[in-house]
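Grab your viewer and work through the exercises below. Each one has a task, then a worked solution you can check against the model.

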Amino acid sequence: MNAPAPPEPTARDRRRWARYLVDERAEAHVYRELAARKKGEEREILEALAEAEGRHEAHWLTLLGGEPARLPRPGFGTRLLGWMASRFGSIFVLALAQNAEGRSPYDADPHAPASMAADEKIHGEVVRGLAARGRRRLSGTFRAAVFGANDGLVSNLALVIGIGATGVAPQFVLFSGIAGLLAGALSMGAGEFVSVRSQRELLASTEPSDDADAALPDLDLDANELALVYRTRGVPADEALTRARGVIATAQEADRSTPYRLSHAQTTDHEVVGGALGAATSSFLFFASGAVIPVLPWIFGMSGLPAVILALVMVGLALLATGAMVGLLSGGPPLWRGLRQLAIGFGAALITYLLGLAFGVTLG
């Protein structure tokens, strides 16, 4: 029995296909833009992604029966990706692309073959892997910057409105806010430096060293403990013994003037932790930049409830922005992360404000 002929596409189907077509073209353009700024393996991966988007484009062109006379504009998210790809670092673009690939509509579209829907899922994982490289390079300093900015926003907002709730003079609120800014920024910078420096020193002390390399040729091929070294690194016993015998045999054959070196596993932990000075500087500057925002109304001569309201609005916008940026770079929903940051920050400020009111004095 012959399969029933597919139904004639509706005008709505054709509009949807045309939208898919322009989005696939725009995404391919994004990957080519990123590839042009890369070298080596990353460039090849991005070019392969662009080629894959070209296959998807060809599918929709076939269904449409050729190039339509008129095409819609790509979606806002896709246009934003294209704009950022030509102007900013790839980490932001790849983070957005990861979200975009994860929201593919092809799973629910009967005109998209299963292979195309599967492609989009794989693309999401490929982009996730590329973005992970940038996140590792960024994470140490970025973590310090985000924590510093949010600590500055929340702690100084809580400080100024808590003090303001007691009814003290505006100058006292202003000086308290500036003192909180300086004390907090210096404390954050010093604490971050000590924390990151200590963590890097701890990692360095646990990494394999080359102290034993010169002794390799003198080990007994049949009675030695080199296999135990590999077993401490997680290599199974049989494989560790085989590897140890091979390393010793090679070392004994090597020229003594150029000693054989025991291969050591490379780690990215130092890269993830970041540099102590960079983390401390970022933490200091971003704490200060966050902490100055709640103080701005008093700097410009405001006082009382209007100053508190303006400080809340400005800090709220800053919390939303930093939360959304963290969501973007982590591949999560920016709006949800921004709202979460806002709720946490305002929750802390509210508690401090209520403590100020507990003294029995209201804003005047």
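## Exercise 1: A surface phenylalanine

**Task.** Decide whether Phe284 is buried, partly exposed or exposed, and find which residues form a nonpolar patch on the surface with it.

**Solution.**
- Step 1: Phe284 has 31% relative accessibility, so it counts as partly exposed. The partly exposed class sits between the 20% and 50% cut-offs.
- Step 2: Place it in the fold: Phe284 is part of helix α10.
- Step 3: Look at the neighbours. Leu186, Phe284, Leu285 and Phe286 make up a nonpolar surface patch, and together they have about 380 Å² of accessible area.
- Step 4: Ask where the patch comes from. Helix α10 gives the largest share, three residues.
- Step 5: Try another residue of this helix. Leu277 is also found in α10, and its 60% relative accessibility is why it counts as exposed. The C-alpha atoms of Leu277 and Gly189 are separated by 8.9 Å, although the two residues are 88 apart along the chain.

## Exercise 2: How far to trust the coordinates

**Task.** This is a predicted model, so work out where in the protein chain confidence is lowest and where it is highest.

**Solution.**
- Step 1: Start with the whole chain: the mean pLDDT is 75, and 71% of the residues reach 70 or more.
- Step 2: Go helix by helix. Helix α2 (residues 40-64) has the highest confidence, at 88, while helix α9 (residues 269-273) has the lowest, at a mean of 48.
- Step 3: Look for low stretches. Residues 264-272 stay under 50 in pLDDT, and the model has 17 contacts for them beyond four places in sequence. Residues 360-364 also stay under 50, with 15 such contacts.
- Step 4: Decide what to do with those contacts. Where pLDDT is low, the predicted coordinates should not be read in detail.

## Exercise 3: The overall fold

**Task.** Say how many helices and strands the protein chain has, and what share of its residues is buried.

**Solution.**
- Step 1: Count the elements: 12 helices and zero strands.
- Step 2: Take the burial figure. Of the 364 residues in the chain, 38% are buried.
- Step 3: Check how the chain meets itself. Taking contacts between residues at least 6 apart in sequence, 75% join residues at least 24 apart.
- Step 4: Turn to the outside. The chain has about 20300 Å² of accessible surface, and carbon and sulfur atoms account for 63% of that.

## Exercise 4: The nonpolar cores

**Task.** Find which residues have the most contacts inside the largest nonpolar core, and which helices supply it.

**Solution.**
- Step 1: The largest core has 19 residues, and those with the most contacts inside it are Leu153, Leu157, Val160, Ile161, Trp298, Val315 and Leu319.
- Step 2: Map the core onto the helices. At least two of its residues come from each of α5 (114-164), α6 (170-206), α10 (276-299), α11 (304-330) and α12 (334-357).
- Step 3: Zoom in on Leu153. Leaving out residues up to four places away in sequence, Leu153 touches Gly290, Ala291, Ile293, Pro294, Val315, Ala318 and Leu319.
- Step 4: Look for another core. A second, separate one has 14 residues, including Ala28, Leu94, Ala97 and Leu130.

## Exercise 5: Salt bridges, local and long-range

**Task.** A search of the whole structure finds eight salt bridges; for Arg16, Glu67 and Asp107, identify the partner.

**Solution.**
- Step 1: Arg16 pairs with Asp13, with the closest N and O atoms 3.1 Å apart. Both lie in helix α1 (residues 11-36), three residues apart, about one turn of the helix. Both are buried.
- Step 2: Glu67 pairs with Arg25 at 2.6 Å between the closest N and O atoms. Glu67 is in the loop between α2 and α3 (76-85) and Arg25 is in helix α1, so this pair ties together parts 42 residues apart in sequence. Glu67 is partly exposed at 47%, and Arg25 is partly exposed at 26%.
- Step 3: Asp107 meets Lys121 at 2.5 Å, N to O. Asp107 sits in the loop between α4 (90-102) and α5, with Lys121 in helix α5, so the bridge ties together parts 14 residues apart in sequence. Asp107 counts as exposed at 56%, whereas Lys121 counts as partly exposed at 47%.
- Step 4: Check for shared partners: salt bridges join Asp13, Arg16 and Asp109 into one network.

Key: Residues numbered from 1 in each chain as written. Predicted model: local features only at pLDDT ≥ 70, side-chain atom pairs only at ≥ 80, totals over all residues. Heavy atoms only, no water. Core = buried A, V, L, I, M, F, W, Y, C linked by side-chain atoms within 4.5 Å. Buried < 20%, exposed > 50% of the residue type's maximum accessible area, 1.4 Å probe, protein only. Helix = DSSP H or I, 4+ residues; strand = E, 2+ residues; numbered from the N terminus. Contact = heavy atoms within 4.5 Å. Patch = residues over 30% accessible without salt bridge, like charges linked within 9 Å, V, L, I, M, F, W, Y side chains within 5 Å. Areas by Shrake-Rupley, 256 points an atom, 1.4 Å probe, with all protein chains shown as cover. Salt bridge = Lys/Arg side-chain N within 4 Å of Asp/Glu carboxyl O. pLDDT = per-residue confidence, 0-100.
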